[in-house]
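Me: Could you take a close look at one part of this model for me, the strands that pair with one another and the residues around them? I would enjoy a connected walk through it.

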Amino acid sequence: MELQIKGRNLEVSESMRAFAERKLAKIGKLVHESTRIEVELSVEKNPSVAANQVAEATVWLKGKTLRCTKATRDMKSSIDELTEKLHRELAELRDKRVTARRRPAAEPQPPA
């Protein structure tokens, strides 16, 4: 899994980068090792927005691209919730593929 962490309107510290890498390592079990994941951490400058710490992730899969966004008051909780959401969506996508593969082929109907 190729993980890239970027910051928009903020400098990503080493502790925040390590936290994000540790949390996102959990979803590495659900994706292929060549899958690219890009995480963008940002701070909204609008004072009327209470949940101004935003974490966005883009996952490039074979044939699909997933995007998730979470915003809270704390960057660590944004990353944590983003990881949970990505894990849920990737598990759902994997289950769809497995059940589609296990579904028996429809038997041809005899002509009437």
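Reply: Happy to! In this predicted model, strand β2 (residues 36–43) runs antiparallel to β3, and eight bridges join the two. To place yourself on that pairing, find Ser 42: its bridge partner in β3 is Val 54.

Now cross to the other neighbour of β3. Strand β4 (residues 65–72) also pairs with β3 in the antiparallel sense, again over eight bridges. A handy marker here is Val 59, whose bridge partner in β4 is Leu 66. The connection between β3 and β4 is a hairpin, with four residues lying between the strands. If you check backbone torsions, look at Gly 63 in that turn, where phi is positive at about 90°.

With strand partners β2 and β4, how buried is β3 itself? Seven of the eight residues of β3 (residues 53–60) are buried, so the strand is largely enclosed by the rest of the structure.

Thr 72 deserves a stop of its own. This residue belongs to strand β4, and its relative accessible area is 12%. Since the cut-off for buried is under 20%, Thr 72 counts as buried because its value falls below that limit. Its side chain has a polar contact, at 2.6 Å, with the side chain of Ser 78. Setting aside neighbours within four places in sequence, Thr 72 touches Ala 51, Asn 52 and Gln 53, and also Ser 77, Ser 78 and Glu 81. Ser 78 therefore appears both as the polar partner and in the list of contacts, where contact means heavy atoms within 4.5 Å.

Val 49 makes a useful contrast. It sits in the loop between β2 and β3 and is partly exposed, with a relative accessible area of 33%. Pro 110 is 61 residues away from Val 49 along the chain, and their C-alpha atoms are separated by 63 Å.

Finally, the rings. A search for aromatic pairs across the whole structure comes back with zero. Charges over ring faces do turn up, though. Arg 36 lies over the face of Trp 60, at 3.9 Å from the ring centre. That links back to the strands, as Arg 36 falls within the residue range of β2 and Trp 60 within that of β3. Lys 76 is likewise placed over the face of Phe 19, 5.3 Å from the ring centre.

Methods. Residues are numbered from 1 along each chain as its sequence is written. This is a predicted model: local features need pLDDT of at least 70, side-chain atom pairs count only at pLDDT 80 or more; totals for chains, interfaces and linings use all residues. Side-chain values use heavy atoms; hydrogens and water are left out. Rings of Phe, Tyr and Trp (its six-membered ring) pair if their centres lie within 6.5 Å; planes under 30 degrees apart count as stacked, over 60 as edge-to-face and the rest as tilted. A charge sits over a ring if NZ of Lys or CZ of Arg is within 6 Å of the ring centre and within 35 degrees of the ring normal. Buried means under 20% relative accessible area, exposed over 50%, partly exposed in between (1.4 Å probe, protein chains only). Two strands pair if DSSP finds at least two bridges between them. A polar contact is a pair of N or O atoms within 3.5 Å; within protein, one must be able to donate a hydrogen and the other to accept it, and residues adjacent in sequence count only if both atoms are side-chain atoms.
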